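The following note is offered to a colleague who wishes to read this model at the bench. It takes up the pairing of strands, the packing of helices and the make-up of the interior.

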Amino acid sequence: TAMRTPRSERPAMSDYGVPDDLEGVLPWSWAEERLLASRNLWVVSASAEGRPYAMPVWGVWLPDSSSFVFSCSPNARKVRNFTENPQVTVAVDSTVEVVVVEGTVRSVTAASVDAALDLYVDKYWETEQEKVDGKGFVSSHDVWELTPERAFGVIETEEDFARRATKWVW
């Protein structure tokens with residue numbers, strides 16, 4: 001898959017003092033560092049009726065394709081939501097250096113994202129046996145891939161919030 005790098009914009013947050021110009025926007029590399037380092041990421045979905053649902057997951061951000069791969073039980077509420085409404089938000093676990101990615105998810109086969117699953121097990125398990133067992137466990141569940149449409153980055157400090165608030169668009 002070809003490398004997908006988003007363009008930087010400003011989020012529509014002028015009421016919070018966010019300027020229109022791009023001086024001080026965060027580089028996409030800042031967001032990717034946080035997506036890669038976050039152990040638990042929030043997945044937010046909604047049912048067909050619009051009922052929101054947020055749960056943390058383990059998963060791996062793939063810089064080369066700008067996508068996020070994770071797995072969950074085929075019986076999970078989020079899977080029912082994904083089937084009814086594939087629009088999803090993924091957020092890192094920090095509420096100070098915030099990265100939120102919005103896009104759509106699709107079900108993928110474990111074989112089609114084998115390299116991602118290798119990165120996944122390397123991220124969460126240490127020993128070779130744990131990695132083998134972990135890959136088997138992840139592969140036995142539903143595997144999902146998020147393709148982003150837009151993302152937001154904010155630093156929740158008084159000095160950086162307005163000056164650094166950034167929106168990225170693919």
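1. Strands β6 and β7. The model discussed here is predicted. In it, β6 and β7 pair in the antiparallel sense, with 5 bridges between them. The two strands form a hairpin, and 5 residues lie between them. Within this pairing, Val-88 has Gly-103 of β7 as its bridge partner.

2. The other partner of β6. β2 and β6 also pair in the antiparallel sense, here over 3 bridges. The bridge partner of Val-44 in β6 is Thr-89, and Trp-42 stands opposite Ala-91 of β6.

3. Strands β2 and β3. The pairing of β2 with β3 is antiparallel and runs over 6 bridges. Trp-42, already noted for its place opposite Ala-91, has Pro-56 as its bridge partner in β3. The hairpin of β2 and β3 has 5 residues between the strands, and Gly-50 takes a positive phi near 95° in it.

4. Helix α2. Which residues of α2, spanning residues 77-84, are buried? They are Lys-78, Val-79, Asn-81 and Phe-82. Viewed down the helix axis, these buried residues fall within an arc of 160°, and therefore they line one face of α2. An α-helix has 3.6 residues a turn, so residues three or four places apart point the same way. The cover over the buried residues of α2 includes β2 (41-46), β3 (52-57), β5 (67-72), β6 (87-91), β7 (97-108) and β8 (142-155). The strands of points 1 to 3 are thus among those that cover α2, namely β2, β3, β6 and β7.

5. The largest nonpolar core. This core has 26 residues, and those with the most contacts inside it are Leu-35, Phe-68, Phe-70 and Phe-82. At least two of its residues come from each of α1 (28-37), β2, β5, α2, β6, β7 and β8. Phe-82, one of the buried residues of α2, touches Val-43, Ser-45, Phe-70, Cys-72, Val-88, Val-105 and Trp-144, when neighbours within four places in sequence are left aside. Among these contacts is Val-88, the residue whose bridge partner in β7 is Gly-103.

6. A separate core and helix α3. Apart from the largest core lies another, of 14 residues, which include Leu-117, Tyr-120, Val-121 and Tyr-124. In α3 (residues 114-124), the buried residues are Ala-116, Leu-117, Tyr-120, Val-121 and Tyr-124. They cover an arc of only 135° around the axis, and so they sit on the same side of α3. β4 (59-62), β5 and α4 (128-139) are among the elements that cover them.

7. Helix α1. Trp-28, Trp-30, Ala-31, Glu-32, Arg-34 and Leu-35 are buried in α1. The buried residues of α1 pack against β2, β4, β7, α3, β8 and β9 (166-169). Leu-35 is also one of the residues with the most contacts inside the largest core.

8. Val-108. Is Val-108, a residue of strand β7, buried or exposed? Its relative accessibility is 12%, and because the cut-off for a buried residue is under 20%, Val-108 counts as buried. Leaving out residues up to four places away in sequence, Val-108 touches Val-113, Val-143, Trp-144 and Glu-145. Trp-144 is also in contact with Phe-82. Val-108 and Lys-78 are 30 residues apart in sequence, and their C-alpha atoms are 15 Å apart in space.

9. The chain as a whole. The protein chain has 5 helices and 9 strands. From the N terminus on, its elements run β-α-β-β-β-β-α-β-β-α-α-β-α-β. The radius of gyration is 17 Å, close to the 15 Å given by the globule rule for 170 residues, so the chain is as compact as a globular protein of that length. Along the principal axes, the C-alpha atoms fill a box of roughly 50 × 40 × 30 Å.

10. Burial, surface and contacts. Of the 170 residues, 44% count as buried. The protein chain exposes about 9000 Å², of which carbon and sulfur atoms supply 51%. Among contacts between residues at least 6 apart in sequence, 65% join residues at least 24 apart.

Methods:
Residues are numbered from 1 along each chain as its sequence is written. This is a predicted model: local features need pLDDT of at least 70, side-chain atom pairs count only at pLDDT 80 or more; totals for chains, interfaces and linings use all residues. Side-chain values use heavy atoms; hydrogens and water are left out. Buried means under 20% relative accessible area, exposed over 50%, partly exposed in between (1.4 Å probe, protein chains only). Helices (H or I, at least four residues) and strands (E, at least two) are DSSP runs, numbered from the N terminus. The arc is that of the directions from the helix axis to the C-beta atoms. Contact means heavy atoms within 4.5 Å. Two strands pair if DSSP finds at least two bridges between them. A nonpolar core is a set of buried Ala, Val, Leu, Ile, Met, Phe, Trp, Tyr and Cys residues joined through side-chain atoms within 4.5 Å. The radius of gyration is taken over C-alpha atoms; the globule rule is 2.2 Å times the number of residues to the power 0.38. Accessible areas come from the Shrake-Rupley method with a 1.4 Å probe; for residues, only the protein chains shown count as cover.
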